[in-house]
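Biologist: Could you walk me through this model and show how each label is earned? I would like to see the reasoning as well as the terms.

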Amino acid sequence: RGAALLLAGLALAGCGKQAETPAPAPAPAAEAPAAPAPAPAKALVVGTDAAYAPFESQDATGQIVGFDIDVVTAVAKSQGVEVKFVNTPWEGIFNTLAQGDRDLLVSAITITDERKQTMDFSDAYFDAHQLIAVGEKSKVTKFDDLKKLKVGVQTGTTGDEVVTKMLGKDSTNIKRFESTPLALKELEAGGVDAVVADNGVIVNYVANNAGSKFKTVNDPSFAPEQYGLAVRKGNAELLAKLNKGLAAIKADGTYDKIYAQYFGAKDAAPAAAA
Ligand code: ARG
């Protein structure tokens, strides 16, 4: 794969050379033209599945906003690089990175050993765990209670993984959705009995959709998860920049400020910690 890319690159470079015809002699100018402004460095293209509030979502004007967006914007600023966020569906998001359509991904992505085989992760920037959303009157008190119920998850997430592990790969009780909000809508409609997803997103949804009449159920068996920024495997240069930037915004208080804005002050954040 690498060799093929390299060859393609060489071929392209070669084409460029051949196509280069001698530039026509510039018309003698009366005045020396002003030196062209240096081309602005190309913005890094950041993929994010913007249906995951409060980490990434689209506001009323379609702008992509959220905790992850603020963190990456601050990291980029500290490293003097430009970033451009592009809404990218979760299914296929890792492919856009591998294929070079995105330079990095921020999407509340849990660092897992499996994913580490095909991409590189920055240092962790956020702690999370799975959480269960059920109807207010549900009798569910622990993860095990979901064994005989219909459970909604977002396809290919760590929520999907834990539920698949418990219910079995072929369980018809697992309903997979392309986004977490769609799974939660289905819970409200009664199509599933529970949804399993990242705590921050479930807590945020329940807090902002009182009409849905949900409650959350935690379970000590849910493993601690950590979010990282993903780059193409081997992109050590960008990875080093991101880690430097993360360290810088943690050291200078920027990270804590952003955190407090979304989750409250660190040692007094019962909602986010639920
Ligand atoms: N943390 C979970 C995972 O990595 C879910 C992330 C989903 N993110 C999103 N923006 N939809 O699998």
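Modeller: Here is a short conversation about the folds, cores and contacts of this chain.

Modeller: Please keep in mind that this is a predicted model. The chain has 10 helices and 15 strands, and 40% of its 274 residues count as buried.

Biologist: Let us begin with a single residue. Why does Ser-122 count as buried?

Modeller: Buried means under 20% relative accessible area. Ser-122 has 4% relative accessibility, which is under that cut-off, so Ser-122 counts as buried. Ser-122 sits in the loop between strand 7 and strand 8.

Biologist: And what does Ser-122 touch?

Modeller: Leaving out residues up to four places away in sequence, Ser-122 touches Ile-111, Gly-228, Leu-229, Leu-239, Asn-243 and Leu-246.

Biologist: Now to the helices. What makes helix 2 roughly perpendicular to helix 8?

Modeller: Two packed helices are described by the angle between their axes and the distance between the axes. Helix 2 and helix 8 pack at about 105 degrees, and their axes are 8 Å apart. Angles of 65 to 115 degrees count as roughly perpendicular, so helix 2 is roughly perpendicular to helix 8.

Biologist: Which residues make that contact?

Modeller: Helix 2 brings Val-71, Ala-74, Val-75 and Ser-78, while helix 8 brings Leu-242, Gly-245, Leu-246, Ala-248 and Ile-249. By class, the contact has 7 nonpolar, 2 polar and no charged residues. Gly counts as polar here.

Biologist: Both helices belong to a bigger picture, I suspect. What is the order of the strands in the sheet that includes strand 1?

Modeller: That open sheet of 5 strands has the order 5-1-6-15-7, with mixed pairing.

Biologist: Why are strand 5 and strand 7 called edge strands?

Modeller: Strand 5 (83-87) and strand 7 (119-121) each pair on one side only.

Biologist: How do you know that strand 1 and strand 5 pair?

Modeller: Pairing needs at least two bridges. Strand 1 and strand 5 have 5 bridges, in the parallel sense, so the two strands pair. In one of these, Val-45 has Lys-84 of strand 5 as its bridge partner. Helix 2 packs on this sheet, touching strand 1 and strand 5, and its direction makes about 155 degrees with that of strand 5. Angles over 145 degrees count as roughly antiparallel, so helix 2 is roughly antiparallel to strand 5.

Biologist: What about the other open sheet of 5 strands, with the order 11-10-12-9-13: which are its edge strands?

Modeller: They are strand 11 (174-177) and strand 13 (214-217). Strand 9 (residues 130-135) and strand 13 run antiparallel and are joined by 4 bridges; Ala-133 has Thr-216 of strand 13 as its bridge partner.

Biologist: How would you describe the directions of helix 5 and helix 6?

Modeller: Helix 5 (residues 158-167) runs at about 140 degrees to strand 10. That value falls outside the ranges for parallel, perpendicular and antiparallel, so the angle counts as oblique. Helix 6 (residues 180-189) runs at about 155 degrees to strand 12, which is over 145 and therefore roughly antiparallel.

Biologist: Last one: which residues touch the most other members of the largest nonpolar core?

Modeller: Of its 32 residues, Phe-55, Phe-67, Val-71, Tyr-125 and Phe-126 do. Helix 2 gives the most to this core, with 6 residues. A second, separate core has 14 residues, including Val-151, Ala-194, Val-196 and Val-217.

Notes: Residues are numbered from 1 along each chain as its sequence is written. This is a predicted model: local features need pLDDT of at least 70, side-chain atom pairs count only at pLDDT 80 or more; totals for chains, interfaces and linings use all residues. Side-chain values use heavy atoms; hydrogens and water are left out. A nonpolar core is a set of buried Ala, Val, Leu, Ile, Met, Phe, Trp, Tyr and Cys residues joined through side-chain atoms within 4.5 Å. Buried means under 20% relative accessible area, exposed over 50%, partly exposed in between (1.4 Å probe, protein chains only). Contact means heavy atoms within 4.5 Å. Axes are lines fitted to C-alpha atoms, for helices over the stretch in contact, and angles run from 0 to 180 degrees between N-to-C directions. Angles under 35 degrees count as roughly parallel, over 145 as roughly antiparallel, 65 to 115 as roughly perpendicular and the rest as oblique.
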